[in-house]
Amino acid sequence: MILGAATMRNEMVRLPFFLEHHRKLGVEHFLIVENASDDGTREFLADQPDVSLWSSKRSYKKSRFGLDWLTWLMIKHAHGHWCLTLDADEIMIYPYWDTRPLAALTGWLDGQGIEAFPAMMLDMYPKGPLGEQRYEPGQDPTEILSWFDSGNYVIQRQMPMENLWIQGGVRARCFFERKPRRAPTLNKVPLVKWNRRYVYVNSTHGILPRRLNRMYDREGGEFASGILLHTKFLDTVIEKSKEELERREHFANSALYDDYYKTLIAQPDLWCERSSRYLGWRQLEAMGLMSRGTWL
Amino acid sequence: MLVHTALDRAEQVARHWSAAGCPVVIHVDAHVPRKTYKAFAKALGNAPTVRFCQRHKCEWGTWGLVAGTLSASEMMLAEFDEVRHVYLSSGSCLPLRPVQELIDYLAARPQTDFIESATTSDVPWTVGGLSDERFTLRFPFSWKRHRYLFDKYVDLQRKVGFKRKIPNGIQPHMGSQWWCLTRQTLSAILEDPERDRYDAFFQKVWIPDESYFQTLARLYSGNIESRSLTLSKFDFQGKPHIFYDDHLQLLRRSDCFVARKIWPRANRLYDGFLRDPEGAIKMTEPNPAKIDRIFAKAVERRTRGRQGLYMQSRFPHEGFEHSITSGRYSVFQGFSDLFEDFEPWLAKATGTQVHGHLYSPERAEFAREQKVVNGALTDSPALRDYNPTAFLTNLIWNTRGERQCFQLGPADETAPIWFIAKDPNAQISVISGAWAVPLFKSNRNFADLRQEAARLQKLEAEQLKVLRSVWAKARLRIWTMAEFIEAPMEPLQSIIDEMGPHSLRRLTEAPKMADLSGFGQFLQNLKNQGMHPYLMGDFPVSPPGLNQPKSPRKPYLVQ
């Protein structure tokens with residue numbers, strides 16, 4: 001069985017499309033931890049036939065941003081299954097996703113003896129000031145967030161976990177121009193044939209054992225990989241940023257992100273004349289943001 | 001039909017063959033649980049010409065597959081007298097053309113055996129590194145489950161020089177395991193008086209399903225067509241490619257009779273190809289060439305990848321591949337110092353993108369003052385300097401198909417000079433010491449100039465050391481400024497000729513050189529202050545022709 005796993009808080013707006021998209025890919029059951037929502041997220045999730053829901057009002061930060069909660073659930077329930085761990089603002093796509101369900105991909109990975117499938121987060125954004133275009137729940141977010149940066153990503157290989165550290169994209173370009181080191185991490189390994197001994201280290205950016213991070217070819221070839229369309233920049237981002245400023249529950253160093261949230265609240269236009277309009281996975285594959293590997 | 005999984009699809013395909021008049025004998029892997037097998041057999045109970053043969057345990061690369069095939073073949077020949085050709089297929093094979101077309105095709109070639117069969121020395125597909133040795137070594141350990149022991153045992157046998165004897169001097173042949181043999185050939189193999197010996201031999205051969213029939217058919221067949229009628233592609237690791245719904249058109253156009261492996265849940269394929277035939281019967285030959293090309297490309301993508309691309313699933317070791325960028329580009333040092341209009345001149349002469357100093361401390365000076373270029377790469381120096389090589393590889397990747405040129409100078413300290421020097425795609429042209437020209441032209445205090453000159457000379461000397469290192473792979477040209485200005489057109493011509501076919505004409509217009517009257521004296525003044533500029537070569541204090549007052553140079557024509 002292919003499982004989905006997520007921690008979320010107040011995601012009523014994104015949830016309908018999030019669930020629909022990943023159901024269509026063939027996620028058969030979702031393990032979701034809901035954290036102190038007050039917008040109906042909990043009730044909505046409780047109503048879904050294919051969602052197992054856990055709720056916690058404890059601190060997101062103290063649970064290593066929800067990862068501790070999720071890790072335990074995955075130890076208990078995901079052992080031996082392919083498991084897709086996502087945030088609510090991530091839409092997983094991969095080569096041929098529109099014609100081949102996840103089971104085709106995982107079956108092929110099994111045949112190749114590969115246990116994990118990497119996907120870079122691709123920040124999607126609208127044209128015009130943030131928050132101007134209203135997103136309706138259930139709508140395909142790429143109708144509004146149709147733009148992305150195609151070729152400004154920087155990669156380094158990190159020891160001791162041997163993961164790639166990818167940064168760049170629109171957030172580096174617009175918010176971290178002065179402090180590029182602080183730009184958000186984009187590499188992820190969201191799809192893993194789970195074993196109760198495995199553990200995500202920092203969101204799904206890194207995983208142990210470290211061979212699962214080595215999902216890139218070192219000898220010049222290409223492994224297969226996907227993309228997580230990141231829908232952070234829907235109109236709700238303005239409200240969320242205000243909230244985050246108050247909650248200060250973000251990763252590592254909250255104060256560091258204050259400027260970032262303040263800039264977001266000012267509704268900047270992230271679009272530039274060299275932004276690329278999203279046309280589908282074949283375009284992303286041709287641009288080298290994802291790869292088919294030998295999966296033809 | 002060899003079956004071990006996705007029994008519902010196997011049933012569907014077996015019915016299809018049988019309904020079209022072809023009897024089917026099914027071998028079900030003995031690993032399949034009894035209950036599942038019973039249910040499967042029962043489901044096909046109402047198909048009159050479907051039989052089930054004795055079951056053997058099949059593990060990849062072992063004798064079980066051949067044993068199963070032999071049992072099924074015996075049953076087929078014994079129970080169905082009218083059968084002339086026997087086609088070996090699997091549960092994940094799918095007929096792509098109406099069965100009648102295959103029947104007609106074989107009827108027109110009644111004596112032909114279709115079996116890919118080549119001697120070991122003639123084939124490149126030996127995944128795992130074993131070809132002849134498949135036949136001469138022993139393989140008691142499973143390659144899939146006990147790889148370590150498998151490898152060690154092979155090594156050991158090599159060391160002690162162990163070799164099995166090949167019976168009766170048969171010549172081992174290999175090929176695709178999916179064959180189509182005539183009754184004559186197949187029965188000759190089955191009824192061979194020496195068969196026990198052959199079986200005993202092949203039981204210990206590695207991957208006998210790719211060599212048993214391929215070898216023995218050579219003994220009896222009068223007419224071997226060495227190709228498989230089954231379209232089956234393998235990836236570079238020897239694993240079969242799987243066909244999905246989106247391959248429908250590709251498979252149709254291939255005109256192959258049967259394809260494998262089909263993904264069991266590829267509903268469109270099963271629905272599309274297992275329909276009753278419509279339209280006229282075709283007599284075309286199978287044409288897998290197109291598919292071959294596409295899959296060959298895939299192998300290349302997997303093994304060589306797209307050069308100069310760095311992404312989440314491709315991040316080559318440094319120095320592991322020939323080209324570390326995706327295309328050729330040109331780097332100019334000193335040219336825009338020596339010539340007043342070098343950048344627009346170069347753009348005009350070559351039709352390429354000519355940037356200024358991409359690694360200038362102030363900003364990345366993109367062509368035409370752009371603040372952001374392809375791929376949303378910005379001119380921000382902080383972003384650029386965070387990872388200067390990624391900045392360059394991104395620029396070159398983003399502008400694939402359009403040659404990039406940029407200026408470099410000793411003051412561009414964050415430029416990844418080692419990286420560029422080691423890149424065979426880089427064409428680097430340096431006029432050393434030309435950085436002194438802007439100093440000479442500037443209106444700064446001499447003490448500052450002297451200090452700056454010393455700094456730049458030191459930096460450039462370092463850069464030149466890197467460029468001249470034994471590890472440098474770039475196409476490199478270095479002149480001292482004194483050398484260069486003696487005959488500037490010739491080097492310019494050769495640089496531009498090397499850049500590509502679009503500029504295979506003579507340069508007619510030269511860039512405008514800065515007025516150098518007084519430059520020799522300027523250098524002498526530096527020397528007098530104790531700073532010895534040497535990178536520009538020797539400039540006499542007042543060379544004839546350089547120091548004489550004259551009007552500023554105009555562009556001139558070269559005859």
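The following exercises, each with a worked solution, concern a predicted model that contains chain A and chain B.

**Exercise 1. The interface**

Determine how many residues of each chain are in contact across the interface, and what area is buried between chain A and chain B.

Solution. Begin with the contacts: 60 residues of chain A are in contact with 51 residues of chain B. Next, take the area. The size of an interface is often given as the accessible area lost when the parts come together. Between chain A and chain B about 4,400 Å² is buried, and carbon and sulfur atoms give 52% of this area. Finally, consider individual residues of chain A: Glu222(A), Arg274(A) and Leu296(A) supply 18% of the area that chain A buries against chain B, more than any other three residues.

**Exercise 2. Polar links across the interface**

State how many salt bridges and how many residue pairs in polar contact are found between the two chains, and describe the side of chain A that touches chain B.

Solution. The count of salt bridges between chain A and chain B is two. One salt bridge joins the side chains of Arg100(A) and Asp246(B), with an N to O distance of 2.6 Å. Across the interface, 33 residue pairs are in polar contact, with both residues at pLDDT 80 or more. On the side of chain A that touches chain B, the elements that each supply at least two residues include α4 (102–112), β9 (153–158), α5 (169–175) and α8 (281–286). Sorted by type, the residues of this side of chain A divide into 29 nonpolar, 16 polar and 15 charged.

**Exercise 3. Two loop residues**

Decide whether Asn152(A) and Glu402(B) count as buried, partly exposed or exposed, and describe the surroundings of each.

Solution. Take Asn152(A) first. Its place is in the loop between β8 (147–148) and β9 of chain A. Asn152(A) has a relative accessibility of 11%; the cut-off for buried is under 20%, and therefore Asn152(A) counts as buried. Its side chain makes a polar contact of 2.9 Å with the side chain of Asp149(A). A polar atom of the Asn152(A) side chain also lies 3.2 Å from the backbone nitrogen of Gly169(A). Leaving aside neighbours within four places in sequence, Asn152(A) is in contact with residues of both chains, among them Gln167(A), Arg173(A), Gly375(B) and Asn394(B).

Turn now to Glu402(B), in the loop between α16 (388–398) and β17 (404–408) of chain B. Because its relative accessibility is 34%, Glu402(B) counts as partly exposed. The side chains of Glu402(B) and Gln353(B) are joined by a polar contact of 3.3 Å. Glu402(B) and Thr352(B) are 50 residues apart in sequence, and their C-alpha atoms are 6.7 Å apart in space.

**Exercise 4. The form of chain B**

Establish why chain B is described as more spread out than a compact globule, and identify the buried residues of helix α21 of chain B.

Solution. Chain B has 22 helices and 19 strands. Its radius of gyration is 36 Å, well over the 24 Å that the globule rule gives for 559 residues, so chain B is more spread out than a compact globule. Its C-alpha trace spans about 110 × 60 × 45 Å along the principal axes. Of the 559 residues of chain B, 54% count as buried. Among contacts in chain B between residues at least 6 apart in sequence, 75% join residues at least 24 apart.

In helix α21 (residues 489–499), the buried residues are Met489(B), Pro491(B), Leu492(B), Gln493(B), Ile495(B), Ile496(B) and Met499(B). Gly500(B) follows α21(B) and has a positive phi, near 150 degrees.

Note on methods. Residues numbered from 1 in each chain as written. Chains lettered and ligands numbered in written order. Predicted model: local features only at pLDDT ≥ 70, side-chain atom pairs only at ≥ 80, totals over all residues. Heavy atoms only, no water. Contact = heavy atoms within 4.5 Å. Buried area = accessible area lost by both parts, 1.4 Å probe. Salt bridge = Lys/Arg side-chain N within 4 Å of Asp/Glu carboxyl O. Polar contact = N/O pair within 3.5 Å; in protein donor to acceptor, adjacent residues only side chain to side chain. Helix = DSSP H or I, 4+ residues; strand = E, 2+ residues; numbered from the N terminus. Nonpolar A, V, L, I, M, F, W, Y, C, P; charged D, E, K, R; others polar. Buried < 20%, exposed > 50% of the residue type's maximum accessible area, 1.4 Å probe, protein only. Rg over C-alpha atoms; globule rule 2.2 N^0.38 Å.
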